[in-house]
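Student: Could we go through this model together and check why each feature gets the label it has?
Tutor: Gladly, let us take the labels one at a time.

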Amino acid sequence: MYFTGIIIAISTFLIIGFFHPIVIKAEYYWGTRLWWVFLCVGIVSIGAALFIENEIVSSLTGVFGASSLWGIGELLAQKKRVQKGWFPMNPKRKHEYEPLSADEPLCPVHHRRSKNAS
């Protein structure tokens, strides 16, 4: 039997689950200022995956890098979740948050068209 696929699948699930609390804590303590750390870790991890011969380790290093890059968008979305009141706000950084309307999208690249635009 070959367990490579199962090992990669379970490990991918765990890596993604590992990033969820990291994004929440990073936004709480430092805001979105650490996006560049996620970027550097992602680029280095994906680059390293290209040179790792072992299939499982290479795959998981790539998944870790991709999850780190995905974490950038989640970090920006987490700030909006805090602004909406879905997650606790760091009282030391209260001045960094503006209230959002209930219909404000979480996606950091989503732009609503103005009512006057045709």
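What follows is a conversation about the helices, the salt bridges, the largest pocket and a surface patch.

Student: Before the labels, what kind of model is this?
Tutor: This is a predicted model. The chain holds three helices and zero strands, and along the sequence the pattern reads α-α-α. Of its 118 residues, 30% count as buried.

Student: What makes Arg93 buried or exposed?
Tutor: Its relative accessible area is 6%. Buried means under 20%, so Arg93 is buried.

Student: How do you know that Arg93 forms a salt bridge with Glu96?
Tutor: The closest N and O atoms of Arg93 and Glu96 are 3.2 Å apart. A salt bridge needs a side-chain nitrogen of Lys or Arg within 4 Å of a carboxyl oxygen of Asp or Glu, so this pair qualifies.

Student: Why does the contact of Glu96 with Arg33 count as a salt bridge too?
Tutor: Here the N to O distance is 3.5 Å, and the cut-off is within 4 Å, so the label holds again. Glu96 lies in the segment after α3 and Arg33 in the loop between α1 and α2 (35-49), so the pair ties together parts that are 63 residues apart in sequence.

Student: What accessibility class do Glu96 and Arg33 fall into?
Tutor: Glu96 has 26% relative accessibility and Arg33 has 48%. Partly exposed lies between under 20% for buried and over 50% for exposed, so Glu96 counts as partly exposed, and so does Arg33.

Student: Which residues are linked in a network of salt bridges?
Tutor: Glu27, Arg33, Arg93 and Glu96 make up that network. A search of the whole structure finds four salt bridges.

Student: What makes Arg81 and Glu74 a salt bridge?
Tutor: Their closest N and O atoms are 2.8 Å apart, and the limit is within 4 Å, so the pair meets the definition. Arg81 has 16% relative accessibility and counts as buried, while Glu74, at 26%, counts as partly exposed.

Student: Where else do these two residues appear?
Tutor: Both Glu74 and Arg81 are in the lining of the largest pocket, which has a volume of about 180 Å³. Other lining residues include Phe19, His20, Trp70 and Gln78.

Student: Which helix gives the most to that lining?
Tutor: That is α3, with six residues. Both α1 and α3 (55-83) supply at least two residues each.

Student: How do the lining residues divide by character?
Tutor: Five are nonpolar, four polar and two charged. Gly71 is in the lining, and Gly counts as polar by definition.

Student: What makes Leu14 buried or exposed?
Tutor: Leu14, which lies in helix α1 (residues 4-30), has a relative accessible area of 54%. Exposed means over 50%, so Leu14 is exposed. Leu14 also helps make a nonpolar surface patch of about 460 Å², together with Ile6, Ile10 and Phe13.

Student: And what about Ile52, in the loop between α2 and α3?
Tutor: Its relative accessible area is 28%. That value falls between the two cut-offs of 20% and 50%, so Ile52 is partly exposed. The C-alpha atoms of Ile52 and Gly62, ten residues apart along the chain, are separated by 10.0 Å.

How values were computed:
Residues are numbered from 1 along each chain as its sequence is written. This is a predicted model: local features need pLDDT of at least 70, side-chain atom pairs count only at pLDDT 80 or more; totals for chains, interfaces and linings use all residues. Side-chain values use heavy atoms; hydrogens and water are left out. Patches are made of residues with over 30% relative accessible area and no salt bridge: like charges are joined within 9 Å, nonpolar side chains (Val, Leu, Ile, Met, Phe, Trp, Tyr) within 5 Å. Accessible areas come from the Shrake-Rupley method with a 1.4 Å probe; for residues, only the protein chains shown count as cover. Helices (H or I, at least four residues) and strands (E, at least two) are DSSP runs, numbered from the N terminus. Buried means under 20% relative accessible area, exposed over 50%, partly exposed in between (1.4 Å probe, protein chains only). On a 1 Å grid over the protein atoms alone, a cavity is a set of points where a 1.4 Å probe fits but cannot get out, and a pocket is an open set with protein on both sides within 12 Å along at least five of seven lines; lining residues have an atom within 4 Å of a point. Grid points are joined across faces, edges and corners, and a volume is the space filled by probe spheres set on the points.
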